[in-house]
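Got your viewer open and a selection box ready? Let's take a walk through this one, stop by stop.

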Amino acid sequence: MPFEPPEVLLLGPGPSPTSVVVQRAQSLPLLGHLDPAFVPLLDQVQARLRILFGTTNALTLPIAGTGTAGMEALVANLVTRGDRVVVGVHGVFGQRFAEAVRRRAGVVVEVRADFGTALAPDAVVRAIEAGPTSLCCVVHAETSTGVLTDLAPIASAARAAGALFAVDCVTSLAGMELAFDQLGVDAAFSGTQKCLSAPPGLSPVTFSPRALAKAASNPDPVPFYFDTKLLTGYFGPDRAYHYTAPISMIYALAAALDLVFEEGLAARAARHRDAAAALRRGLAVLGLEPLVPTAYATPMLTTIRYPVGIDDRAFRGHVRNVHCIEIGGGLGSLAGKVFRVGLMGHGARLPNVLRALAAFGDALTAAGVRVDLAAALAAARTG
Ligand SMILES: Cc1ncc(COP(=O)(O)O)c(C=O)c1O
């Protein structure tokens, strides 16, 4: 019997639900990765990714692998043994960024903030200025907490110090408008399974000319797969073989990008904000408190504190098993204390918010908490 997945509404931290248009695209017949019919599709994918990143960087491409592959590609090219690298750490993915730099023998200066709080840009700026910094790395939308980082002051401090600035935008790309050239971002990586609503398996990345200059002069060997010179061979005008591009994934990404561009990024960003606001209105009526104030929260992912006495496993188990909805648990120091709701890409819609609230209300009721579910749904509906 072939595997038949159950119908589960994906409202966790990723993957997000995909449209049937994307699912169909993924099952189209294969072409060779150098086929003249395939290359224009790749051109269009790269051009559209540039628009989403807000960049004109020539080397902008969907690298094969999930978001972590994009991170490895950036770090491998931009870190030389002994480089002083400032990394913002206020969640699990900042920790991962720091660890990746350490594994390339970079000297990491961590600027920390408690999980669930914003990174203080001043603290990052001071750390950049405190020594000869070659690179600064931050996570834009920290999916482990739901905190959005203010990139502008960090970008200008990095530029003033002559450091490169690298950003993890795994969760923000295609869910909000980005203007990375204007800000002075030198390199960034994302993932296809969040606000792009394509399956996991590709990591859109971009490298500025400054970043490529660093990569070209990096004396440390870079893994073959992530070598920017070799990536430029295939993802540049030559279209020379580097590795066999994952054709079906690129079909799916191309279809996902069609949907993004049909909708328009501004409208898509507004849809994410509206869905998050509807969720918060309903949560307030259910007596559920978001961890992060709206002022610095990511619209695409909301982290919610458990009321005293609510068990994480029982709550999420009820939501998944009874209501067929996937949500995320807390990570790191937040494990067991919070749950995470992703309203990303195709999933960021009011009907999904209402389904989620109904499931949360029912899970609370099952745990013996009195809630007014009808009022919560009405609050979510009427913004
Ligand atoms: C902010 C952030 N960075 C990095 C990653 C790692 O991406 P992946 O799991 O696609 O390798 C994730 C995944 O959730 C993420 O949310």
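Below is a list of selections to make, with what you'll find at each stop. Keep in mind that this is a predicted model.

**Stop 1: the two domains**

Start wide. Colour 20-262 as domain 1 and 264-381 as domain 2, following the domain assignment of the chain. If you drop a centroid on the C-alpha atoms of each, the centres of domain 1 and domain 2 come out 28 Å apart. Where they touch, domain 1 puts in 22 residues and domain 2 puts in 23. Stay on the domain 1 side of that contact for a moment: its residues split into 12 nonpolar, 8 polar and 2 charged.

**Stop 2: the ligand**

Now select the ligand and the shell around it. Which residues sit closest to the ligand? They are Thr66, Gly67, Thr68, Thr143 and Val170, out of 13 residues that surround the ligand. Colour that shell by class and you'll get 7 polar, 5 nonpolar and 1 charged.

**Stop 3: α3 against α4**

Next, pick helix α3 (residues 67-78) and helix α4 (residues 92-103). Their axes come within 9 Å and cross at roughly 40 degrees, so α3 and α4 count as oblique to each other. The crossing of α3 over α4 is right-handed. Show side chains for Met71, Glu72 and Val75 on α3, then Phe97, Ala100 and Val101 on α4, and you have the residues that make the contact. By class, this α3 and α4 contact has 5 nonpolar residues, 1 charged and no polar.

While you're here, step into the loop between α4 and β4 (107-112), where Ala105 is found. Ala105 isn't a glycine, yet its phi is positive, about 65 degrees. Most residues other than glycine have a negative phi.

**Stop 4: α11 against α13**

Move on to helix α11 (residues 265-286) and helix α13 (residues 350-366). The axes come within 9 Å here and cross at roughly 20 degrees, which means α11 runs roughly parallel to α13. This is a right-handed crossing of α11 and α13. From α11, select Ala275, Ala278, Leu279, Gly282 and Leu286; their partners on α13 are Leu350, Val353, Ala356, Leu357, Phe360, Gly361 and Leu364. That contact between α11 and α13 divides into 10 nonpolar and 2 polar residues, with no charged ones.

**Stop 5: α11 against α14**

Keep α11 selected and add helix α14 (residues 373-381). How do α11 and α14 run, roughly parallel or roughly antiparallel? The axes of α11 and α14 come within 7 Å and cross at roughly 155 degrees, so the two are roughly antiparallel. α11 passes α14 in a right-handed crossing too. On the α11 side, highlight Ala278, Leu279, Arg281, Gly282, Ala284, Val285 and Leu286; on the α14 side, Ala375, Ala376, Leu377, Ala379 and Ala380. The tally for α11 with α14 is 10 nonpolar, 1 polar and 1 charged.

**Stop 6: a cis peptide**

Last selection: Gly14 and Pro15. The peptide bond that joins Gly14 and Pro15 is cis, with omega at about 5 degrees. Most peptide bonds are trans. To place Pro15 in context, show the loop between β1 (9-10) and α1 (20-26), which is where Pro15 lies.

Methods
Residues numbered from 1 in each chain as written. Predicted model: local features only at pLDDT ≥ 70, side-chain atom pairs only at ≥ 80, totals over all residues. Near = placed C-beta within 6 Å. Nonpolar A, V, L, I, M, F, W, Y, C, P; charged D, E, K, R; others polar. Domains from an automatic or database assignment. Contact = placed C-beta atoms within 7 Å. Axes fitted to C-alpha atoms, helices over the stretch in contact; angles between N-to-C directions. Helix = DSSP H or I, 4+ residues; strand = E, 2+ residues; numbered from the N terminus. Parallel < 35°, antiparallel > 145°, perpendicular 65-115°, else oblique. Left-handed = near helix turned anticlockwise from the far one by under 90°.
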